[in-house]
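Please follow this explanation with the sequence and the structure side by side. The paragraphs below go from the empty spaces to the elements around them.

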Amino acid sequence: TKMFDELDVEMPSHIAGLLLGAVVSDTLLFKSPTCTPVDTKIAKKLAEIAGVDIQEFAMEMFKAGTSLEGLTKEEVIKSDFKSFPIGDEKMAIGQVFTLDVDRIFDELDTYIEKLEEINNKEGYKFIIIAITDILKNGSYLIFTENAKSVLESIYKLDDIKQGYYVDGLVSRKKQILPAILSELN
């Protein structure tokens, strides 16, 4: 968007729509801690050029982009899955953005079994998956058994349960990873 402005080139509406989709996705409709005032300003401009309402556009985009239809449990788990070194070991943190959290909770035990299987097969110290509910602006945590004590310590709980909800938890990079690394240190 800045390049179009700097070069004084008129932006076609379909390009504005694509760029708006990128901003809305990256900022979770301006709810992510990674969102800046520039993101908000540019999104308004792009929505005007594209001729769309930001809220309606975002809901349609999230609905289409977060569908779990036709995916295996492993594909859901690994849709946004990253490995991080911790000393001589490694951990994995995944994030699933969805508007259909109930679909995962209907088969929660199967998802947890799949997490344990991936953990054992790929040699992680532990795996944590944040099931991020875009509308509620928070995440439900599912995890391997060996992640339990780390999460209990982070959230000051005696017995964390699978599916524990953390309000406002939406960023792996700015919220989940730093909390885990701080706890492990």
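The largest cavity of this predicted model encloses about 50 Å³ of space, and the structure holds 1 cavity of 30 Å³ or more. Its lining is made up of Ile128, Leu141, Leu151, Ile154, Tyr155, Leu169, Gln175, Ile176, Ala179 and Ile180. Sorted by class, the residues of this lining comprise 9 nonpolar and 1 polar, with no charged residue among them. Two helices, H8 (148–154) and H9 (172–184), each contribute at least two residues to the lining of the largest cavity, and H9 gives the most, with 4 residues. As a general point, where empty space is left is shown by rolling a probe the size of a water molecule over the atoms.

A pocket is the next space to look at. The largest pocket has a volume of about 620 Å³, and 24 residues line it, with Ser25, Asp80, Gln95, Phe97 and Arg172 lying nearest its centre. The elements that supply two or more residues to the lining of this pocket are H2, H4, E1, E2 and H9. By class, the lining of the largest pocket counts 10 nonpolar, 9 polar and 5 charged residues.

With these spaces located, the overall plan can be set out. The secondary structure of the protein amounts to 9 helices and 5 strands, and from the N terminus on the elements follow one another as α-α-α-α-α-β-β-α-α-β-β-α-β-α. Taken along the principal axes, the C-alpha atoms of the protein fill a box of roughly 55 × 35 × 30 Å.

How are the strands ordered in the sheet? The 5 strands form an open sheet in the order E1-E2-E3-E4-E5, and the pairing in this sheet is mixed. E1 and strand E5 (164–167) are the edge strands, each of them pairing on one side only. On average, neighbouring strands of this sheet are turned by 25° against each other, direction ignored.

The pairings of E2 can be followed strand by strand. Strand E1 (residues 81–86) and strand E2 (residues 89–98) run antiparallel and are joined by 6 bridges, whereas E2 and strand E3 (residues 127–133) run parallel and are joined by 7 bridges. Alanine 92 appears in both pairings: serine 83 stands opposite alanine 92 in E2, and alanine 92 in turn stands opposite isoleucine 127 in E3. The hairpin of E1 and E2 has 2 residues between the strands, and in this hairpin glycine 87 takes a positive phi near 65°. In a regular strand, as a general rule, the side chains alternate between the two faces of the sheet.

Helices lie across this sheet as well. Helix H7 (residues 108–122) lies across E1, E2, E3 and strand E4 (138–143), and H7 runs at about 60° to E4. H9, which also appears in the lining of the largest cavity, lies across E1, E2 and E3 and runs at about 150° to E2.

What angle do the axes of H2 and H4 make where they cross? Helix H2 (residues 13–27) and helix H4 (residues 54–65) have axes that come within 10 Å and cross at roughly 75°, which means that H2 is roughly perpendicular to H4. On the side of H2 the contact is made by Gly17, Leu20, Gly21, Val24 and Ser25, and on the side of H4 by Ile54, Phe57, Ala58, Met61 and Phe62. By class, this contact of H2 with H4 has 7 nonpolar and 3 polar residues, and no charged ones. Ser25 of H2, one of the residues that make this contact, is also one of the residues that lie nearest the centre of the largest pocket.

The loop that follows completes the picture. Cysteine 35 is found in the loop between H2 and helix H3 (37–50). Although cysteine 35 and valine 23 are 12 residues apart in sequence, their C-alpha atoms are 8.9 Å apart in space. When its neighbours within four places in sequence are left aside, cysteine 35 is in contact with Thr27, Phe30 and Thr40.

Conventions. Residues numbered from 1 in each chain as written. Predicted model: local features only at pLDDT ≥ 70, side-chain atom pairs only at ≥ 80, totals over all residues. Heavy atoms only, no water. Axes fitted to C-alpha atoms, helices over the stretch in contact; angles between N-to-C directions. Parallel < 35°, antiparallel > 145°, perpendicular 65-115°, else oblique. Contact = heavy atoms within 4.5 Å. Nonpolar A, V, L, I, M, F, W, Y, C, P; charged D, E, K, R; others polar. Pairing = 2+ DSSP bridges. 1 Å grid on protein atoms, 1.4 Å probe; cavity = no way out; pocket = protein on both sides within 12 Å on 5 of 7 lines; lining within 4 Å. Points joined across faces, edges and corners; volume = space filled by probe spheres on them.
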